[in-house]
Amino acid sequence: MHKSRFCVGIALLALSASGCGMAAAGDGKDVMVPAEPTMIDFVDPAGVVGLSTRTLTEGDSADSRYVHINYPELPGAPALTKALRTQAERQMKDFHDRTRGDEHLTPRPELNVDWQLAAASPQAVAVRLRTGEYLGARWGNSTRTYWFDPGSGKAVDSTGLLAGKAALTTLAALVKEQFAERKPRIGQDDLRPGGDAFDSMAFNRNGDLVVEFDDCQLGPCSLGRLAVAVPAWQAEPLLSDLGRRAQENVRAGGATHGGPPRFAPTTSPGTVSSRAGSVDCGRVKCVALTFDDGPGPYTGRLLDALKRERARATFFTVGSNAMAQPALVRRMSAEGHLVGNHSWAHTDLSKQASSKIADSLGKTNSAVAAAIGQTPTLVRPPYGAVSPRVRDVARDMGLALVNWDVDTKDQIGGRAGESGDIADLTVRAAHPGAIILMHDIHRETVAAVPDILKRLRGKGYSFVTVPELYGSAGMQAGRLYGSGNELPGKQPLT
């Protein structure tokens, strides 16, 4: 695998690159842009040393929308992180404003934002945000790409690839020429140089400038996302210094070529805690701490706390995060925890067709298996949302579904609660056989864990992975579990 090293600010980033094609966010359509020139090779984030992910999320409570916004934090690129955080907060606020009063609709309104690295080199770094929105009828998908100049330390939107307004006007004309040859005709009047029409641009392997547009932006929504590739020779005179360096880097092989990644079905054995069987939950009081949405920036600190107290937990990882931070996934497994599946990008699976559910869960299984050599046997459906299709796909894939019966309320309205409140609620609500919902993406949650462990251990509890709650009865694929006391005839300990 091709690897290169470069400096961004004071950070030394090690890269391994993996090519993949464009995919729509939100409904997981994974629709390839038909024209080959509009494919982009994305950089494998696992090779960027120090990369972490940040998440804004809400939706576990009954009176909230479904929101999951994920973006990367790259060492040495604070301006880029700030731009991505500002965009994430703006999107969440805008979504809240537009869906005010719709929280109790079924299915709930949903906002999902995922990301890819369109470039990562000493010359240029680019993050492509992929947004999906569900407002009751269909998914709408959009993209936005931010660029970072390691030399100046500045972050810009995609028009920063161009040498000013005149270049943008010329680019708009070139794009119009390409669209004029397509059927059906699209709304070329919307291709004005201003606004958000040119908010997502990157380069393909030949150095062509790929310009992509959102669903419904230039024509009927049925057309989906549209994109054009402006030939390199036409684009080059329009580029800024940053744009030229980015183009040269991609041409030189800044990302590995070869098309979209292949997430082949894994043949690895099922996940199991290396310390399973050391506690008999039929004789002692057990609880299962479960952590969703990571790995994230505080997961390492959480693992430290669990290791000190010799406690184990179940981590339901988001597939894109697991792929980007495999070392943390390996550490989870090595230290006796169980790694579960939390879908690829945290979209509500109950809204999806069976093929999309299988794709999301399958890619996550592959990412985890690549990190630890074991395939998840448990899945926590995002937001706890389950449909007959989700059950059927989970059964066919050998996955038991796991929700919870103790909600620590560690995220309310998209924000984490106070550490003391999280600890108090957890200790108060815990009971033998409890499956406890927490999120390792929150600093406050991780800070609460040492107190939770100390106080519950003082009450005689042992901390085990979810399957250990069920002992020799095991867990069945396709069945939904919410508590360790659900098995027929099982009497909870007191």
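How many aromatic pairs does the count come to? For this model, which is a predicted one, the count comes to 7 aromatic pairs.

Okay, let's go through a couple of those. A pair of aromatic rings is described by the distance of the centres and the angle of the planes. Take Tyr66 and Tyr383: their ring centres are 4.0 Å apart and the planes sit at 10 degrees, so that pair is stacked, given that planes under 30 degrees apart count as stacked. Now look at where the two partners come from. Tyr66 belongs to strand β4, while Tyr383 is in the loop between β15 (378-379) and α9 (388-396), so this pair ties together parts that are 317 residues apart in sequence. And are these two tyrosines buried or exposed? Both Tyr66 and Tyr383 are buried.

Here's another stacked pair: Phe291 with Phe315, at 5.5 Å centre to centre and with 25 degrees between the planes. Phe291 sits in strand β12 and Phe315 in strand β13, so here the parts being tied together are 24 residues apart in sequence. Why do we call these two buried? Buried means under 20% relative accessible area, and Phe291 has 1%, while Phe315 has 0%.

While we're around β12, have a look at helix α5, residues 299-308. Its buried residues are Thr299, Gly300, Leu302, Leu303, Ala305 and Leu306. What do they pack against? The buried residues of α5 pack against two strands we just met, β12 (285-292) and β13 (314-317), along with the helices α7 (326-334) and α11 (443-458). Just after α5 you'll find Arg310, which takes a positive phi of about 55 degrees.

One more ring before we move on, this time with a charge. The charged end of Lys285 sits over the ring of Tyr461, at 4.5 Å from the ring's centre.

Next, a cluster. Phe179, Phe198 and Phe213 are linked by ring pairs. Leu191 is in contact with each of those three phenylalanines, and also with Ala172, Val175, Lys176 and Leu218, if you leave aside neighbours within four places in sequence. Where does Leu191 sit? You'll find Leu191 in the loop between α2 (165-180) and β9 (201-203). Its relative accessible area is 1%, so Leu191 is buried. As for Leu218, 27 residues separate it from Leu191 in sequence, and the two C-alpha atoms are 7.8 Å apart in space.

Now back to strand β4, residues 66-73, which also holds Asn70. Asn70 has 2% relative accessibility, so it counts as buried. Which side chain does the side chain of Asn70 join in a polar contact of 2.8 Å? That's Trp115. Beyond its neighbours within four places in sequence, Asn70 is in contact with Thr53, Arg54 and Thr55, with Val113, Asp114 and Trp115, and with Asn321.

Last stop: Asp41, in the loop between β2 (11-16) and β3 (52-58). With 8% relative accessibility, Asp41 counts as buried as well. Its side chain makes a polar contact of 3.2 Å with the side chain of Arg205. Asp41 and Ala118 are 77 residues apart along the chain, yet 7.0 Å is what separates their C-alpha atoms.

So if you want one thing to find in the structure afterwards, try Tyr66 and Tyr383, the stacked pair with ring centres 4.0 Å apart.

Note on methods. Residues are numbered from 1 along each chain as its sequence is written. This is a predicted model: local features need pLDDT of at least 70, side-chain atom pairs count only at pLDDT 80 or more; totals for chains, interfaces and linings use all residues. Side-chain values use heavy atoms; hydrogens and water are left out. Helices (H or I, at least four residues) and strands (E, at least two) are DSSP runs, numbered from the N terminus. Buried means under 20% relative accessible area, exposed over 50%, partly exposed in between (1.4 Å probe, protein chains only). A polar contact is a pair of N or O atoms within 3.5 Å; within protein, one must be able to donate a hydrogen and the other to accept it, and residues adjacent in sequence count only if both atoms are side-chain atoms. Contact means heavy atoms within 4.5 Å. Rings of Phe, Tyr and Trp (its six-membered ring) pair if their centres lie within 6.5 Å; planes under 30 degrees apart count as stacked, over 60 as edge-to-face and the rest as tilted. A charge sits over a ring if NZ of Lys or CZ of Arg is within 6 Å of the ring centre and within 35 degrees of the ring normal.
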